[in-house]
Structures are given as structure tokens and as C-alpha cells.
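Visitor: Please pick one part of this model and give me a close look at it. After that, follow the side-chain links through other parts of the chain.

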Amino acid sequence: MKNHEKCNKIIIKYRQYLKLEKGLSDNTVDAYLTDLDKLLAYLTLEDKDITEVKLTDLEYFSAGLHDIGIHPRSQARILSGVRSFYRYLTLEDYIKQDPCELLESPRLGKHLPDVLTVEEIDRLIGLIDRSTNEGQRNCAILETLYSCGLRVSELCNLKFSDLYLNEGFIKVTGKGDKQRLVPISPRAISELKNYFMTRGEHLVKPEYEDYVFISRFGKNISRIMVFHIIKELAVKAGIKKTISPHTFRHSFATHLLEGGANLRAIQCMLGHESIGTTEIYMHIDRSLLRKEIIEHHPRNQRRD
């Protein structure tokens with residue numbers, strides 16, 4: 001790529017912009033720059049200056065992503081990162097006109113991932129051996145994932161200082177370090193309290209004492225471990241669906257909609273910045289959307 005040193009300086013300033021002005025987390029910033037690296041590699045091969053890119057260059061780049069077999073959803077994410085970068089270049093007067101203005105993304109069908117039924121969730125949790133410390137922890141993990149619709153990273157980073165169980169809420173730190181208050185069901189609270197009775201038997205490293213869910217190594221539990229726990233239970237339960245920790249989040253949103261919860265309330269619960277992200281769940285009649293979340297989640301329904 002032409003003017004390699006100039007490009008490096010721009011990327012350093014762009015990283016600072018994403019981190020300081022946009023308030024994005026380190027992981028999100030790294031994801032933006034990783035996607036941008038794909039464009040930089042292409043421009044290096046074409047010997048193009050990053051500030052002299054035209055729409056046709058970006059269209060060839062986009063076509064190349066398709067040709068090497070990158071999934072349309074991943075293509076769209078990469079191009080979204082490219083648009084963000086060129087908006088920044090325009091904002092900072094590195095370029096006069098944004099070459100991305102007419103750049104099209106691949107068409108994506110709105111696809112709802114696999115969702116578990118309430119019965120399947122009960123079956124998974126019912127298979128956990130509660131006689132062990134880890135078993136009780138795993139019950140609390142699954143109930144909290146399902147009750148609150150958390151991302152797995154949000155669950156792994158949950159701290160005691162985030163819990164307001166007497167009030168029925170937890171504080172969640174989501175993408176971009178944005179915080180939200182989420183109601184937690186009585187059943188999840190009960191499982192957490194049962195877990196807390198045995199949590200002290202784990203050897204917890206001093207710097208991890210405030211984390212709620214602890215691994216056998218004395219640190220906060222990892223995303224990979226939560227994934228493994230759920231996969232193992234799914235095999236035991238004979239569930240053939242493709243499931244992961246995120247499946248509990250999808251199930252949470254879907255069950256709330258089916259119960260009649262308001263879409264904007266669900267948007268707040270999930271921590272979606274755009275209502276369009278939440279609308280992927282709109283596979284049922286809008287006339288069902290009538291009450292608030294806490295009144296409709298299956299875990300909040302009283303059984304006779």
C-alpha cells in the first residue's frame with residue numbers, strides 16, 4: 001500500500017476515536033480493526049492509497065469477499081466496519097467524499113436461530129446433578145441466562161456488586177461498557193442463593209472474589225466453559241437443535257414476545273441499541289405485544 005507510514009498513523013488515531021469518542025470496548029475496537037485489516041490487505045495488493053479509494057475499489061473488494069466463500073452475514077459485518085472507517089476519514093477531513101455512500105451490502109434474510117421451548121430448558125436444567133458444587137452453579141448459570149437474556153460475556157463478568165436481588169434486578173454491563181438494569185426471576189434468584197451456599201467451598205483467587213460464577217481454577221468462569229456445559233447437557237437431553245449460550249438469549253426474547261411483552265421493553269432488556277436488531281424476533285402477530293416483560297416471562301408465571 002502506498003504511504004504505509006501515513007496509513008499507520010491514521011489507524012492509530014482511528015483506534016483512539018473508537019475507544020475514546022465512540023466509547024467502544026477493547027474487544028469491539030479489536031473486532032473493527034480486524035475487519036478493516038482485510039481491506040488494508042486488499043489495498044496493499046492493489047497498491048492503493050487508503051485515502052484515494054473509490055467506490056469501484058470497494059465493490060471489487062466486496063466481490064472478493066464473496067469469491068473466497070465468506071458468509072454473507074460476515075461480509076455485511078466487514079463492510080459495516082469499512083463504512084465506519086470512511087465516515088471517520090470524512091469527519092476528520094482526510095478525504096472530501098465518502099466512497100462508501102453507494103456501497104451495497106449483501107442481501108440477508110432475517111433468520112431466527114434455534115430456540116428452545118420452556119420444556120426443553122426445564123429438561124436441560126433437570127439433568128444437572130445438584131449434589132455437586134459445580135452442579136448447583138450450573139443450575140444458577142442456566143437460570144440466569146434464561147431469566148435475564150444475557151450475552152454469555154455479560155454472565156461471565158457478572159459481579160456481586162451488580163446484584164440487587166432483594167429488589168429483583170441485576171445490573172448488566174454490555175457492549176461498549178453500556179450498563180442496563182434487568183429484572184431477574186424469583187426462580188433464578190432462588191438458584192443463585194442455593195449456589196451461594198456452596199460457592200465458599202471453591203478456592204477463589206483474591207482478585208476474582210467479586211465475580212459471581214467461579215470456575216474450578218478460582219477465576220470467573222469462561223465463555224468456553226459455559227458453552228461446554230450447555231453442549232454436554234444438550235447431548236444428554238437428546239436435543240438435536242444447534243444450541244449455545246446465545247440460544248438462551250434467543251429463547252428469552254422469543255418467549256417474551258409469545259407471551260405478549262412489548263418490543264421496546266425487550267430491546268431495553270437485551271441491550272440492543274437499535275430496535276431493528278430486536279425485530280428479528282417479530283415472527284408473531286404484533287397484536288400480541290401488550291404488556292411489560294416481567295409480567296410475561298415463563299419464569300415469572302405462578303403455577304397453581
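Guide: I'll start from one histidine and then move on to aromatic rings, salt bridges and a covered helix. This is a predicted model, in which local features need pLDDT of at least 70 and side-chain atom pairs count only at pLDDT 80 or more, while totals for chains, interfaces and linings use all residues. Residues are numbered from 1 along each chain as its sequence is written, and side-chain values use heavy atoms, with hydrogens and water left out.

Our histidine is His 255, in helix H10, residues 245-259 (helices, H or I of at least four residues, and strands, E of at least two, are DSSP runs numbered from the N terminus). With a relative accessible area of 8%, His 255 is buried (buried is under 20%, exposed over 50%, partly exposed in between, with a 1.4 Å probe and protein chains only). What surrounds His 255, leaving aside neighbours within four places in sequence? His 255 is in contact (heavy atoms within 4.5 Å) with Val 115, Leu 116, Thr 117, Val 118, Ile 121, Tyr 146 and Pro 298. Leu 116 is 139 residues away along the chain, yet its C-alpha atom and that of His 255 are separated by 9.3 Å.

Now for the aromatic rings. The model holds eleven aromatic pairs (Phe, Tyr or Trp rings, the six-membered one for Trp, with centres within 6.5 Å; planes under 30 degrees apart are stacked, over 60 edge-to-face, the rest tilted). One of them joins Tyr 17 and Tyr 88 in a tilted arrangement, 4.9 Å centre to centre with 40° between the planes. Tyr 17 sits in helix H1 (residues 4-21) and Tyr 88 in helix H4 (residues 72-91), so this pair ties together parts that are 71 residues apart in sequence. Tyr 17 is buried at 13% relative accessibility, and Tyr 88 is buried at 4%. Phe 160 and Phe 196 make another tilted pair, at 5.0 Å centre to centre and 50° between the planes. Phe 160 is partly exposed at 29%, as is Phe 196 at 25%. Tyr 17 and Tyr 88 also belong to one aromatic cluster, together with Tyr 14, Phe 85, Tyr 86 and Tyr 94.

Charged side chains make links too, with a count of 14 salt bridges (a Lys or Arg side-chain nitrogen within 4 Å of an Asp or Glu carboxyl oxygen). Lys 6 bridges to Asp 49, with the closest N and O atoms 3.3 Å apart. Lys 6 lies in H1 and Asp 49 in the loop between helix H2 (26-46) and helix H3 (55-67), so the bridge ties together parts 43 residues apart in sequence. Lys 6 is partly exposed at 35%, whereas Asp 49 is buried at 3%. Glu 154 and Arg 180 form another bridge, their closest N and O atoms 2.9 Å apart. Glu 154 is in helix H7 and Arg 180 in strand S3 (residues 179-183), so parts 26 residues apart in sequence are tied together. Glu 154 is buried at 4%, and Arg 180 is buried at 10%. Asp 35, Lys 38 and Arg 77 are linked in a network of salt bridges.

Last stop: helix H11, residues 263-270, is mostly covered, with six of its eight residues buried. Those buried residues are Leu 263, Ala 265, Ile 266, Gln 267, Met 269 and Leu 270. Just after H11, Gly 271 takes a positive phi of about 75°.
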